[in-house]
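Please look over the sequence and the model shown here before reading the report, which is written for someone meeting this structure for the first time.

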Amino acid sequence: MTEQNQAPPTTPPEQPPAEVKPTQSERFTAMVMKEFNGKLAGGLQITDFQRQLIQGYFIATDRALKMAEENRVAKNKSNSDHSYDNPLACTWENVNALDLALDVVHYARMGLDMMQDNHLFPIPYRNKKTSKYDVTLMPGYNGIQYIAEKYAVEKPLAVTVELVYSTDKFKPIKKNSTNKVEAYEFEITNAFDRGEIIGGFGYIEYPDPTKNKLVMMTRADILKRKPEYAAAEFWGGKTTKWENKKKVEVETDGWFAEMCLKTVKREVFSAKHIPRDPQKVDDNYQYMRMREAQLADMNSQAEIYEHANTITLPDENTIDMTPNDDDTPGSNDAPPPPPPPPAAPNF
């Protein structure tokens, strides 16, 4: 056969490019934008940085939901009376998407980052009225500091926060007619055996030292902020554990020092001591304050705050707004499987 009689080579038809499916975090971001734009008239513009923050919110919230679901399944399994089981799976399908979307956008526009230590924490809890899980976004103390500095009338140069123990030497130096700068003297006399906590303080410094401010809290002041239903695992005190198939009371130290320090930090960085600038306060800040007010009206608000910085501990991710099933007679007559030892809270 001559070269002229050869059939021309055939070219295989081009295949259409494979469809690239969006990742879960991209779908979450799209859901946030859809829900937010469905609530408000007009479009919403977010920056690339805010979009990254929202994707980080997905990662942290997804982790919190999975941990809460594991706790739900384990608790149901341990109930001898299964009428007290929680039948609602803690999954994305059962999340109050609209409220979460609104929260996410406002907090992202403020710049709070769940990937940063103690900035912002997702706390899912079951809402029996709606048969959904509401995901509360709770600022940690680094987030509170960030908000205080972002919206401050004047951003402080530095803020020092310390607990004071019974063996420490602490002397406040208040402003008066002869002393123009508020200050303090602080000495730790026994670093490895400081005694018991007797209070705490914060010192806020400004470029103009005459504006410096000393905030002091006694132990009684700190304990006033202790939630009414504070968990002993955090604040110390009496808790229960299983011994010989029975619940017995035991005393625990918990993380008392860390909870006291967190309480002092929240006080020092509050608007009472670092005033907010009305010209800087925006819709996002006002929305955050509104959500805080709504949370304050809920039952078991103390439990929500108690768990805000501890999403790695067992059973802290599913917060029900009704009385705890563990306190209901017959709900847990048999001991549950032993939980893993709790990790140190991420204060």
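The report below takes up charged pairs, an enclosed space, a sheet and two loop residues in turn.

## Basis of the report

The structure is a predicted model, and local features are reported where pLDDT is at least 70.

## Salt bridges

Side chains of opposite charge can pair when their charged atoms come close. In this model, a search of the whole structure gives nine salt bridges, and three of the pairs are described here.

One of them joins E69 to R72, with 2.8 Å between the closest N and O atoms. Both residues belong to helix α2, which covers residues 48-78, and because they are three residues apart there, about one helical turn separates them. E69 has a relative accessibility of 18% and therefore counts as buried, the cut-off being under 20%. R72, at 13% relative accessibility, counts as buried as well.

Another salt bridge links R291 and D103, whose closest N and O atoms are 3.0 Å apart. R291 is part of helix α8 (residues 283-296) and D103 is part of helix α3 (residues 97-110), so this pair ties together parts that lie 188 residues apart in sequence. Both partners, R291 and D103, are buried.

A further salt bridge is formed by the side chains of E267 and K272, at 2.8 Å from N to O. Salt bridges with shared partners bring R225, E267 and K272 together in one network. The two ends of the E267 and K272 pair are placed differently with respect to the surface: E267 counts as buried because its relative accessibility is 12%, whereas K272 counts as exposed because its value is 53%.

## The cavity

The count of cavities of 30 Å³ or more comes to one, and the largest cavity holds about 70 Å³ of space. Ten residues line the largest cavity, and those closest to its centre are Y107, T136, L137, R291 and L295. R291 is thus a lining residue of the cavity as well as the salt-bridge partner of D103.

Three elements, namely α3, β2 (132-139) and α8, each give two or more residues to this lining. The largest share comes from β2, which supplies four residues. Sorted by class, the lining has six nonpolar residues, three charged residues and one polar residue.

## A sheet of three strands

Three strands form an open sheet in the order β3-β6-β7, and their pairing is antiparallel. The edges of this sheet are β3 (158-165) and β7 (213-218), each of which pairs on one side only. On average, and with direction ignored, neighbouring strands of the sheet are turned by 15 degrees against each other.

The pairing of β6 (residues 197-205) with β7 is antiparallel and runs over six bridges. I204 has K213, a residue of β7, as its bridge partner.

## Two residues with positive phi

N118 has a phi near 60 degrees, which is a positive value in a residue other than glycine. N118 sits in the loop between α3 and β1 (120-127), and with a relative accessible area of 4% this residue is buried.

S131 likewise is a residue other than glycine with a positive phi, in this case near 55 degrees. The loop that holds S131 runs between β1 and β2. With a relative accessible area of 45%, S131 is partly exposed, whereas N118 is buried.

How values were computed:
Residues are numbered from 1 along each chain as its sequence is written. This is a predicted model: local features need pLDDT of at least 70, side-chain atom pairs count only at pLDDT 80 or more; totals for chains, interfaces and linings use all residues. Side-chain values use heavy atoms; hydrogens and water are left out. A salt bridge is a side-chain nitrogen of Lys or Arg within 4 Å of a carboxyl oxygen of Asp or Glu. Buried means under 20% relative accessible area, exposed over 50%, partly exposed in between (1.4 Å probe, protein chains only). On a 1 Å grid over the protein atoms alone, a cavity is a set of points where a 1.4 Å probe fits but cannot get out, and a pocket is an open set with protein on both sides within 12 Å along at least five of seven lines; lining residues have an atom within 4 Å of a point. Grid points are joined across faces, edges and corners, and a volume is the space filled by probe spheres set on the points. Ala, Val, Leu, Ile, Met, Phe, Trp, Tyr, Cys and Pro count as nonpolar, Asp, Glu, Lys and Arg as charged, and the others, Gly among them, as polar. Two strands pair if DSSP finds at least two bridges between them. Axes are lines fitted to C-alpha atoms, for helices over the stretch in contact, and angles run from 0 to 180 degrees between N-to-C directions.
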